[in-house]
Amino acid sequence: LGRPKAGLFQTTVPFSQSPETYAVAFDREKGTVVWKSPAFGLPSYVSPMITTLAGVEQCVVLAASSKDNKIPSTCAGLNLADGSVLWKYEGWSCWIPIPNPTPLGNDKLFITAAYNAGSVAIQIVKGDKGLEAKELYKLDAKTAEGHIQQPIVYKDHIYMSSCSNERLSGLTCLDLDGKRLWNTKETNEP
């Protein structure tokens, strides 16, 4: 599996990021490898999460892009039985993503990060060839971007810290369709 990268043990789910694979499942009693996913993207600080999307329980991961975007960020759903890719989305990019994709209900995920990445919402749907990711909306970094803190969903609203190295916009509130309703500070200065 190669030597662990920085941040590997910050997650509560054991996984690996190497040139050969992105995620690895282990038997928790024996410690043996159960499966390895295909490789995609680059290592990130985002913890894998188990959730159900489009009726399928899966492991959702978010890989980083290269700084020049030649290697795209990849958000993917992995089959819990064998690690195969159920769906993937590469229409948004960040070279250091930290917050997990945030479930919005109705098979939707909200993805955000700093470094001028902005935010995006996707929905996982059943298509002719299995599950696929459908982009719902994209927000530029000035509208909404989260650096470290996990966005939360409460009563059909997304609340997030829009403070990053690039700007200090304070707490931001979005509706589930991506419309910014308010933020506590209007500035684009760090």
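The legends below accompany an overall view and two close-up views of a predicted model.

**View 1. The whole chain, built from strands.** Along the sequence, the predicted chain follows the pattern β-β-β-β-β-β-β-β-β-β-β-β-β-β, which amounts to 14 strands and zero helices. Of the 190 residues in the chain, 46% are buried, and the accessible surface comes to about 9900 Å², with 50% of that surface belonging to carbon and sulfur atoms. Among the contacts in the chain with a separation of 6 or more, 40% are made by residues 24 or more positions apart.

**View 2. The salt bridge between lysine 88 and glutamate 90.** A search of the whole structure finds one salt bridge, and this view shows the two side chains that form it, those of glutamate 90 and lysine 88, with a distance of 3.9 Å from N to O. Are these two residues buried, partly exposed or exposed? Glutamate 90 counts as partly exposed because its relative accessibility is 39%, and lysine 88 likewise counts as partly exposed, with a relative accessibility of 47%.

**View 3. Proline 43 in a loop.** Where along the chain does proline 43 lie? Proline 43 has its place in the loop that runs between strand 2, residues 33-36, and strand 3, residues 49-53. With a relative accessible area of 36%, proline 43 is partly exposed, since this value falls between the limits of 20% for buried and 50% for exposed residues. The view also includes leucine 62, which is 19 residues from proline 43 in sequence, while the two C-alpha atoms are 8.8 Å apart in space.

Terms used. Residues numbered from 1 in each chain as written. Predicted model: local features only at pLDDT ≥ 70, side-chain atom pairs only at ≥ 80, totals over all residues. Heavy atoms only, no water. Salt bridge = Lys/Arg side-chain N within 4 Å of Asp/Glu carboxyl O. Buried < 20%, exposed > 50% of the residue type's maximum accessible area, 1.4 Å probe, protein only. Helix = DSSP H or I, 4+ residues; strand = E, 2+ residues; numbered from the N terminus. Contact = heavy atoms within 4.5 Å. Areas by Shrake-Rupley, 256 points an atom, 1.4 Å probe, with all protein chains shown as cover.
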